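Here's a structure to explore together. Have a look at the chain first, then read on with the picture beside you.

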Amino acid sequence: MAMRRVYSEIKGKKVTELPGYFKSTFSMDTMKTSVKKGLDNYNDKYIQTSSVDPLLHICFGGMAFSYLVALPNERRHLEHQQHAKEHGGH
């Protein structure tokens, strides 16, 4: 949804106007405000209602993060295994 909003806002602009738009839209103050607003909304929606969803978010987020961190190492092992199989090595 956010990408659709950005697209609809830049659709009518000229190319020379885009750097100024992006500079103002993605400035540090705007980003800080957006993150704070998002955290406040998350707090209101999940934390204040005593929902179990934050626990699930942490579990699944931790699982996805650990998978992404381990992925390069696993790919190296698989490449080494494939290379050894092709060359009759160990």
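## The loop between H3 and H4

Ser50 sits in the loop that joins H3 and H4. Keep in mind that you're looking at a predicted model. Is Ser50 buried or exposed? Its relative accessibility is 68%, and since exposed means over 50%, Ser50 counts as exposed. There's a quirk in its backbone too: Ser50 isn't a glycine, and yet its phi is positive, at about 55 degrees.

Thr49 belongs to the loop between H3 and H4 as well. With a relative accessibility of 48%, Thr49 counts as partly exposed. Its side chain reaches back to the backbone oxygen of Tyr46, at 3.2 Å. Now try finding Phe26: Thr49 and Phe26 are 23 residues apart in sequence, and their C-alpha atoms are 32 Å apart in space.

## The whole chain

Time to zoom out. How many helices and strands does the protein chain have? The tally is four helices and zero strands. Reading from the N terminus, the order of elements is simply α-α-α-α.

So what about the overall shape? If you took a compact globule of 90 residues, you'd expect a radius of gyration near 12 Å, but this protein chain comes out at 22 Å. Along the principal axes, the C-alpha trace spans about 60 × 45 × 20 Å. Of the 90 residues, 7% are buried. The chain exposes about 8300 Å², and carbon and sulfur atoms supply 63% of that area.

## A buried threonine in H2

Helix H2 covers residues 18-25, and Thr25 is part of it. Is Thr25 buried or exposed? Its relative accessibility is 18%. Buried means under 20%, so Thr25 makes the cut and counts as buried.

What does Thr25 touch? If you skip the neighbours within four places in sequence, Thr25 is in contact with Thr30 and Met31. The side chain of Thr25 also reaches the backbone oxygen of Tyr21, at a distance of 2.7 Å.

## Two salt bridges

Here's a bit of background on charges. Side chains with opposite charges can pair up when their charged atoms come close. How many salt bridges does that give here? The count is two.

One of them links the side chains of Arg5 and Glu9, with N and O 3.1 Å apart. Both residues lie in helix H1 (residues 2-10), and they're four residues apart, which is about one turn of the helix. Arg5 is partly exposed, with a relative accessible area of 46%. Glu9 is partly exposed too, at 32%.

The other salt bridge pairs Lys36 with Asp40, and their closest N and O atoms are 3.9 Å apart. That just fits, because the cut-off for a salt bridge is within 4 Å. Lys36 and Asp40 are both in helix H3 (residues 28-47), again four residues apart, or about one turn of the helix. Lys36 has a relative accessibility of 55%, so it counts as exposed. Asp40, at 38%, counts as partly exposed.

## Along helix H4

Helix H4 takes in residues 53-86, and Phe60 is one of them. Phe60 is exposed, with a relative accessible area of 52%. Which residues join Phe60 in a nonpolar patch on the surface? The partners are Val52, Leu55, Leu56 and Met63. Together with Phe60, they have about 510 Å² of accessible area.

Arg75 is found in H4 as well. It's exposed, with a relative accessible area of 52%. To get a feel for distances across the model, pick out Arg75 and Lys23: they're 52 residues apart along the chain, and their C-alpha atoms are separated by 38 Å.

## Before you close the picture

Here are a few things to find again on your own. Look for buried Thr25 in H2, and then for exposed Ser50 in the loop between H3 and H4. Trace the salt bridge between Arg5 and Glu9, and then the one between Lys36 and Asp40. Finally, pick out the nonpolar surface patch that includes Phe60.

Notes:
Residues numbered from 1 in each chain as written. Predicted model: local features only at pLDDT ≥ 70, side-chain atom pairs only at ≥ 80, totals over all residues. Heavy atoms only, no water. Helix = DSSP H or I, 4+ residues; strand = E, 2+ residues; numbered from the N terminus. Buried < 20%, exposed > 50% of the residue type's maximum accessible area, 1.4 Å probe, protein only. Polar contact = N/O pair within 3.5 Å; in protein donor to acceptor, adjacent residues only side chain to side chain. Contact = heavy atoms within 4.5 Å. Patch = residues over 30% accessible without salt bridge, like charges linked within 9 Å, V, L, I, M, F, W, Y side chains within 5 Å. Areas by Shrake-Rupley, 256 points an atom, 1.4 Å probe, with all protein chains shown as cover. Rg over C-alpha atoms; globule rule 2.2 N^0.38 Å.
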